Amino acid sequence: MADDEVALDEHTPPPTDADQVPPAGRPERPAAPVSARETITLAPTTPTGTAAWCGPAVVAVLAAATYVVFSLLQWRRFEVPSWDLGIFTQLARRYAALDAPVVTIKGDGYNLLGDHFHPLLVALGPVYALSPHALTLLIAQDLLFAASVYVVARHAVRVLGALQGTLVGAAYAVSFGIVGAVAAQFHEIAFAVPLLAIALVALLRGRWLAAALWVAPLVFVKEDLGLTVAVFGLVMWWRARHGSDRPRLGLWLAGWGFGWVVLSTAVLIPLLSTRDQWDYGSRIDFAGIATHPWTAVTLLVDDGRKVLTLLVLLGITGLIGARSPVLLIAVPTIVWRFWADNDSYYGFTWHYSAVLMPIAFAALLDGVLLARRSPREWLRRYSMAAAAVAVAVAVLMVPRLDIARLGRPADLWAHSTREAESRAVLAAIPDDASVETDIGLMSYLVDRTDVFYVGNEGNPAPDFLLIDAYNGGWNPAPVDAAAYAQERHPGSTYTLVYDAGGYQLAQRVAG
């Protein structure tokens, strides 16, 4: 038996009778002895029944519980790493009220679709209407991520068998992109992760129409994801170009993705923006890259954080993911992050790598199948170990991620030392008041007040101005909130009504 005739996987059809009958006129020769090397089982039996879904379901439920507990504890400790949760909660509140997506945290009268193009977030409206609370968005994101865990784990079981597949699903659940996004709190990519996971599994299974239908809505999650859709379409065309009844569907999908990138960044966002432009385009020096083309490559590796991100991304594919064209779908996200002049995009923490995780694990599973077909014996053997490498990389990364705080009783499980002061200052602000504040308690106010960000110019004079000197993002914080409020809003008079635990609350005096 030649190397390229080794049994490949569970999808390899059994030999037909014609394969087993020698040609007419030729005597049948005795079968040659089979070597030990050729009898290696490269593909496990595909689990059926309960074994096919039980492991993935358990992992997904445990993942959901872990994410939700983390979010609840983070919320209880009054931890808000950025202003994004406040922004998206304010957006959900507007959609729930059937209002335009005007988010005053970004500026007075600011239409958030003029910042990023994410009309799919209108789906938050009904959810928020049922439970009008910022914490609702965190739990919704946790459940969306957990749904993607089941999708990835279920396909991993098909490819690797029940045990290895379940472990790979668990590795995905604790992968740096997913748990980093949980810790960074809500972002629009919460919707992208499950959509990508479902679409990628459909792609790997050759279900072209399903793959296209699931990935196409990504253009409505965030404008840059149109490029991801375009590359997805090209990869699908490449895989379906022979023996498919839909050979051009991938090309149509690529056009759909690229077309929406142009339409959203060149027309729709500038039309809705208060500055008549797509602000984030200025973060990449396209002119410099065009005049110095070599920087298109050097910018991808000119910082140690970029190199580390690329290494851990490759490592979490078990290295074998590099054999799969599916990994190319990650290129647009990597490129815009590494070409930008914002160094917060370069690392593997925060939410920026969340959309890379379904791609990485799909590439891992596809790489395993491709390696099983390889004429190289060492690669076929490595296909049996690649999943273990991916699991090991994911586990070794966990101590460096925020999710590890769940294992430290004195950390996330402990109450905040400023919990009493936080609750007291929030209680001093009545419902429906207008509040200008920093990021410290912003997300705790958006459900019942009109919130403005203190860093924006042109805000109307608010009823209250709240400063969190410790966690509000100041460097340094104003020493007198009342004087600072009067400086920001000439003609208005403010008095200090709360000063404790690093919080200062100034109230506007009528008259």
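Trainee: Which element gives the most to the lining of the second largest cavity?
Mentor: H16 gives the most to that lining, with 4 residues. Please keep in mind that this is a predicted model, in which local features need pLDDT of at least 70, side-chain atom pairs count only at pLDDT 80 or more, and totals for chains, interfaces and linings use all residues. Residues are numbered from 1 along each chain as its sequence is written, while side-chain values use heavy atoms and leave out hydrogens and water.

Trainee: What does a label like H16 stand for, and what counts as a cavity?
Mentor: Helices (H or I, at least four residues) and strands (E, at least two) are DSSP runs, numbered from the N terminus. On a 1 Å grid over the protein atoms alone, a cavity is a set of points where a 1.4 Å probe fits but cannot get out, whereas a pocket is an open set with protein on both sides within 12 Å along at least five of seven lines; lining residues have an atom within 4 Å of a point. Grid points are joined across faces, edges and corners, and a volume is the space filled by probe spheres set on the points.

Trainee: How many cavities of 30 Å³ or more are there?
Mentor: The count by this rule is 2, and the second largest cavity has a volume of about 40 Å³. Its lining is made up of Val-152, His-155, Ala-197, Leu-200, Val-201, Pro-358, Phe-361, Ala-362 and Leu-365. Two or more of the lining residues come from each of helix H5 (134–160), H8 and helix H16 (356–372).

Trainee: How does that lining split by class?
Mentor: It has 8 nonpolar, 1 polar and no charged residues, where Ala, Val, Leu, Ile, Met, Phe, Trp, Tyr, Cys and Pro count as nonpolar, Asp, Glu, Lys and Arg as charged, and the others, Gly among them, as polar.

Trainee: At what angle do H5 and H16 cross?
Mentor: Their axes cross at roughly 10° and come within 10 Å, which makes H5 roughly parallel to H16. Axes are lines fitted to C-alpha atoms, for helices over the stretch in contact, and angles run from 0 to 180 degrees between N-to-C directions. Angles under 35 degrees count as roughly parallel, over 145 as roughly antiparallel, 65 to 115 as roughly perpendicular and the rest as oblique. In the contact (heavy atoms within 4.5 Å), Val-152, His-155, Ala-156, Val-159 and Leu-160 of H5 meet Phe-361, Leu-365, Val-368, Leu-369 and Arg-372 of H16.

Trainee: And how do H8 and H9 pack?
Mentor: Helix H8 (residues 189–204) and helix H9 (residues 208–215) have axes 8 Å apart and an angle of about 165°, and they are therefore roughly antiparallel to each other. H8 brings Leu-195, Leu-196, Ile-198, Ala-199, Ala-202 and Leu-203 to the contact, while H9 brings Trp-208, Ala-210, Ala-211, Trp-214 and Val-215. By class, those residues are 11 nonpolar, no polar and no charged.

Trainee: Switching to the largest pocket, which residues lie nearest its centre?
Mentor: His-116, Tyr-280, Arg-283, Tyr-345 and Tyr-352 lie nearest the centre, out of 44 residues in the lining, and the volume of this pocket is about 1,100 Å³. Helix H15 (331–339) is one of the helices that supply at least two lining residues, and H15 gives the most, with 6. The lining divides into 25 nonpolar, 11 polar and 8 charged residues.

Trainee: Last topic, the backbone: which residues does a cis peptide bond join?
Mentor: Asn-475 and Pro-476 are joined by a cis peptide bond, with omega at about -5°, and Pro-476 sits in the loop between strand S3 (464–468) and helix H20 (481–488). Elsewhere, Leu-98 is not a glycine, yet has a positive phi of about 60°; Leu-98 belongs to the loop between H3 and helix H4 (124–130). Most residues other than glycine have a negative phi, and most peptide bonds are trans.
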